[in-house]
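Work through the exercises below with the sequence and the coordinates open side by side. Each task is followed by a solution that goes step by step.

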Amino acid sequence: MISQFFVLSQRGDNIVFRDYRGEVPKGSAEIFFRKVKFWKGDDGEEAPPIFNVDGVNYLHVKVAGLLFVATTRVNVSPALVLELLQRIARVIKDYLGILNEDSLRKNFVLVYELLDEVIDFGYPQTTSTEVLKSFIFNEPIVVDAGRLPSLGPASLFMLSPLGFEIIQQGSKRMPGTAVTKSVVANEAGGRKREEVFVDIIEKISVTFSSSGYILTSEIDGTIQMKSYLTGNPEIRLALNEDLSIGRSGHSSYDYSSSAGAGMVVLDDCNFHESVRLDNFDLDRTLTLVPPDGEFPVMNYRMTQEFKPPFRVNSLIEEAGAFKAEVMLKVRADFSNTITANTVALHMPLPKYTTRVSFELEPGATGQTTDFKEGNKMLEWGLRKIVGGAEHTLRAKLTFSQDTNMNITKESGPVSMTFTIPMYSASRLQVRYLQIVKKSRTYNPYRWVRYVTHANSYVIRI
Amino acid sequence: MAPPVQSQRLPPPSQPSGKGEVGELKTQLRQLAGSRAPGAEDLKRELYKKVISYMTIGIDVSSLFSEMVMCSATSDIVLKKMCYLYVGNYAKVHPDLALLTINFLQKDCQDEDPMIRGLALRSLCSLRVKNLVEYLVGPLRTGLQDSNSYVRTVAAIGALKLYHISPSTCIDSDFPVALKALMMHDPDAKVVASCLSSLQEILTLEGSASEEASKERELLLSKPVIYFLLNRIREFSEWAQCLVLDLVSKYVPSESSEIFDIMNLLEDRLQHANSAVVLATINVFLHLTISMADVHQQVYERIKAPLLTLVGSGSSEQSYAVLSHLHLLVMRAPILFSSDYKHFYCRYSDPSYVKKLKLEMLTAVANESNTYEIVTELSEYAANVDVLIARESIRAVGKIALQQYDVNAIVDRLLQFLEMEKDYVTAETLVLVKDLLRKYPQWSQDCIAVVGNVSSKNVEEPKAKAALVWMLGEYSQDMLDAPYILESLIDSWDEEDSAEVRLHLLTAVTKCFFKRPPETQKALGAALAAGLADAHQDVHDRALFYYRLLQHDVSVAERVINPPKQAVSVFADTQSSEVKDRIFDEFNSLSVIYQEPSYMFIDKEHRGPFEFSEDIGALASGASPDNSVLPSQRVEASDNDLLLSASEKEDNRGTATNGSLSYSAPDYNGSSTALVSHSPSSTVNTAAVSGAPPTASISQPIIEIDDLLGLGPVMTTTPTPALKLNSKTVLDPATFQRKWGQLPIALTQDYSLTAQGVASLTSPQVLLRHMQGHLIQCIASGGQPPNFKFFFFAQNSEAPSGAGFFLVECLVNTSSSKAHVKVKADEARLSQDFAVLFQSALEKFGVS
């Protein structure tokens, strides 16, 4: 059980503060913030999510730049408290539409109302957005999104209300505000739009050796759902028919057992409480009655070999005394109907590098280059890369000392971040999303979106 | 991510400058108090909001108490809730004013809207004012019988709140009984869960004082209650499921079929997306199977995939919590994870606290088949821009080298690190090379050649410098420049801040002197002079000791200071296996995160329910005189005293262990800081030659392997002939005591007792006679239910008289039906076989 719950801004201000048991001395928020900020002095080491100061345990998660913190004096289950904190953040987001410092400050009374029901005397009661609805009387004050959510409208697929096939992109655009609307707020006109969103979000981790060989690769995926459907209709979600789960008898990194081309093999997965797996073994269909708000239907992990979306070549060579040249080449190995965005490459340079001059390819647009003196980091940003395209960056380095050693050992590895909408690295798909109809005229909007993020995309040199 | 430093002291923008605002609020609230004007409610809401926001940022608005209460006569539920929040926050500091609120709260408790009833009851119980408890009992009692489940849930937790304000009122009003009844009969799972959490807490707190409550507490763990809860597990919310699972993990089934029933029932909980549910389930599985080695191992295999999926799916904080538990399991049974090593590779995006755990796991799982790949990967991190991780990686490579027999390639890597010429890499590597040489002296030629090239000027860190100096002293015959490097270091004696380095300089230069006297004599003189003048006590004492020793007889001095060395076989773990076992017992708690048992960081009053290990801990620490079954406390203190700080404990352990293993060849190691400052009461010679620093003590390899696994006989690595015990063995108490003091703990294990066995264990004599039947003799016993303590011994039938003894300390707790066993053995390699015999004997207790 927890003793206190509070949310701190990045500057350390209390935005909400709730003491459930009155057993932790005053000033805990300050003690916590000081500790997090000055963890291990100038080592630059990040404070762990859980630590103990004078017999008080502090557990925190960072969400949207805010610190969600719980304190306790007892030997709690850390997973439980961290899950709870994360869940509180999600419930608040369900109510406010957008979770940030501004929206929280404007709605703190509503948040107190939520906290009153979510936890009693330190024991979690309910975190279901649905159940909480009947206890919440404040109307959310909706704040501006500021900018579009990371998925953006270009990333949308829409499922036809009639058939099961996927309509081509662009045939119907989703309004950009839809994902950020509150589950309780009514739209202008008092009517709620009936719709449900399904996002397949994959985080990929790949490490390439200096010769371009894939050392390790893994996909951590989530099928996330956000439902604005009234009356809790049952939903059927069909995945790839030949989806297979688990690799019995083999180490999960045993690539030799590649089962039939095109087949998606997951190492393991888990499911949300509401999911029923009655037909899962038969036809890979998940049945569920989605609760209101956002929740993960299924999390999965895959180490089966997959085609990495980007190939990167990197080279660093001496070019006379005190000089060297860097060449970075990135190639997008996916269909030209797909565009990756917010691509960035980082490469640590030798610590005696003093100056870098960049040379982009002729006609390059939407690209930025930078050299960060402090940590000797070369940064190359590309606003977007269309599938099949190839881009090159050249850089001339100037050193403060003669290089008598191997400069490749002093630099790298190159790491890359990107987001690819409409792309699923694992080839996992939602074949169809069926809503059990209440009436002939009931045709809610159904949106299925795919997105792949780089989690750790590392190219050694 | 960290906000800029200078902004920290700036007040937040919304903070009022002084008392003026609060005063103004007071006036405005007063004006509104009786107002029925249209829009008054909206105005009130705005004012209330302001008050709450001040409260949040820590401004004292308690002076508005009476105004807030006056304004609370409203039907607006949003206003009501804000008022409740305010009252709950300040009632404790204004007990007199809190009385004002009782009236309207009690009235609201009878409202026709169940939500108002629930809210009011919750607020009423949250006032935390002792002299108001009389007003709580009535509404609480009604609340527990309310027709609405929300109100009943609130009342169930309310009873716990009452207990915290006034335990006697809660107990005298029979609330525990009411809670128990409600828990077993309420149709709503939420009410059941609330009753359970309240009951657990009340009975645990009350249990330390009242026999009755402690019995009631035990009853929560009885089969009917456990099965009742388990059968409804799917009705509970995920949080309540965790509560139930936590309770189940402490349940001791009476037969093994129960274990499988429970596991089958809970199997699908391992596929839950909530990591708290999964870890709670795993905890149940691990505890249920702890004494069934093969099933226990299957559990490990089963939980691997779900754990790895959880590590990948949540936020980095959540994944840290899960990874910490995986870390614990990997450390216990590295062999079972040796093919999963790639999962423990660091990712670019991992925070440093995650990377650290992964490095430790990589170190643990390294074996013949994967070492090459792991070390290659670690070498990549060594060049990392993240200095902290680079250092940790180098240490990991070193640790792997010390674990392995085939170190050829690893030594090459380490030497390559030295060539990288990064100061922190060099520093870390030097320390490792030193340890490596102590274990594998045969590598000295290769290492010395490279170390000789390291300029002492580039080494700043004390640990690294000490390591370099030690190597200079140890291998001075092979390093041409050794005397001169040492001399130059001694020349700058006064600039050397670290006492550790100065101690090492003294020893190194003396050793160098024995090998190359003409070249070193001057430096030795200078070092002894500087040492004698040193302000640091240890340095001064060591210099004086060397000086006198050399004066007495140079050849004796050489025998003491530079005797032939024995290679260190295994470096001791920094954490004892007892501590590790305790952490494992506390699976799914903060202990796993901190890697410390809970008694080290939780105050006694806040320890959770049903902590058996605590009782055993108190027994083992020998704190209570009742338990001192051996005449001498000192023997026990050497390895049982859990209250000793870690370093003290390791020191003791090291001494005892070293003593027993190196009788014939006293092993002196140059890095010993304990050399001169060792306890004067023991004979100086023994102390001086065996005093080892914590990291350098020796223990038996077999301990490491078997004990960490904790998996019992299945995992035994070396097949040994079946052990037979001597049927006519004798051992007098004095010899037992001496041996107990000298021998290291060969293994520690927990066994379960059968229900019948527990039932018959009314006095120590019963078990004593039973074990005798299995050729295990008892030399001392004591205790009363539920805690007993025994010292047993047995002898290998093939050993000559006076040798081949097994000594056992056995703590039995009848309430948990567990036996905590420590085995020491003359022949440590046989201790696992002996443990099997012991376990089977114990398991038959009460059955035949």
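**Exercise 1.** Determine which residue of strand 11 of chain A stands opposite S205(A), and then describe how strand 10 of chain A is paired and covered.

*Solution.* Step one: S205(A) stands opposite E218(A) in strand 11 of chain A, where strands are DSSP runs (E, at least two residues) and helices are DSSP runs as well (H or I, at least four residues), numbered from the N terminus. This is a predicted model, in which local features need pLDDT of at least 70 and side-chain atom pairs count only at pLDDT 80 or more, while totals for chains, interfaces and linings use all residues. Residues are numbered from 1 along each chain as its sequence is written, chains are lettered from A and ligands numbered from 1 in the order in which they are written, and side-chain values use heavy atoms, with hydrogens and water left out.

Step two: strand 10 (residues 195-208) and strand 11 of chain A run antiparallel and are joined by 13 bridges, two strands being paired if DSSP finds at least two bridges between them. Another opposite pair here is V206(A) with S217(A). In the hairpin of these strands, which has five residues between them, G212(A) takes a positive phi near 90°.

Step three: strand 10 of chain A also pairs with strand 28 (residues 445-459) of chain A, in the parallel sense and over 14 bridges, and F197(A) stands opposite W447(A) in strand 28. Strand 11 (residues 214-227) of chain A pairs in turn with strand 18 (residues 293-302) of chain A, in the antiparallel sense over nine bridges, with K226(A) opposite E294(A).

Step four: strand 10 of chain A has 13 of its 14 residues buried, and strand 11 of chain A likewise has 13 of its 14 residues buried, where buried means under 20% relative accessible area, exposed over 50%, and partly exposed in between (1.4 Å probe, protein chains only).

**Exercise 2.** What share of the 461 residues in chain A is buried, and how many helices and strands does chain A have?

*Solution.* Buried residues make up 58% of chain A, and its secondary structure comes to seven helices and 28 strands. Among contacts (heavy atoms within 4.5 Å) in chain A between residues at least 6 apart in sequence, 70% join residues at least 24 apart.

**Exercise 3.** Give the strand order of the open sheet of five strands in chain B, and find the helices that pack on it.

*Solution.* Step one: the order is 1-5-4-3-2, with antiparallel pairing. Strand 1 (745-752) and strand 2 (777-784) of chain B each have a single partner strand, so one side of each is left without a neighbour in the sheet. Neighbouring strands are turned by 15° against each other on average, direction ignored; the axes are lines fitted to C-alpha atoms, for helices over the stretch in contact, and angles run from 0 to 180 degrees between N-to-C directions.

Step two: eight bridges join strand 4 (residues 805-813) to strand 5 (residues 818-825) of chain B, which run antiparallel, and L807(B) stands opposite K824(B) in strand 5.

Step three: helix 31 (residues 577-585) of chain B packs on the sheet and touches strand 1 and strand 5, its direction making about 25° with that of strand 1. Helix 42 (residues 831-843) of chain B also packs on the sheet, touching strand 1, strand 3 (787-795), strand 4 and strand 5.

Step four: Q832(B) is found in helix 42 of chain B and is buried, with a relative accessible area of 3%. The C-alpha atoms of Q832(B) and L747(B), 85 residues apart along the chain, are separated by 7.6 Å.

**Exercise 4.** Is V501(B) buried or exposed, and which residues is V501(B) in contact with, leaving aside its neighbours within four places in sequence?

*Solution.* V501(B) lies in helix 27 (residues 499-515) of chain B and is buried, with a relative accessible area of 1%. Apart from those sequence neighbours, V501(B) is in contact with P462(B), K465(B), A466(B) and E496(B).
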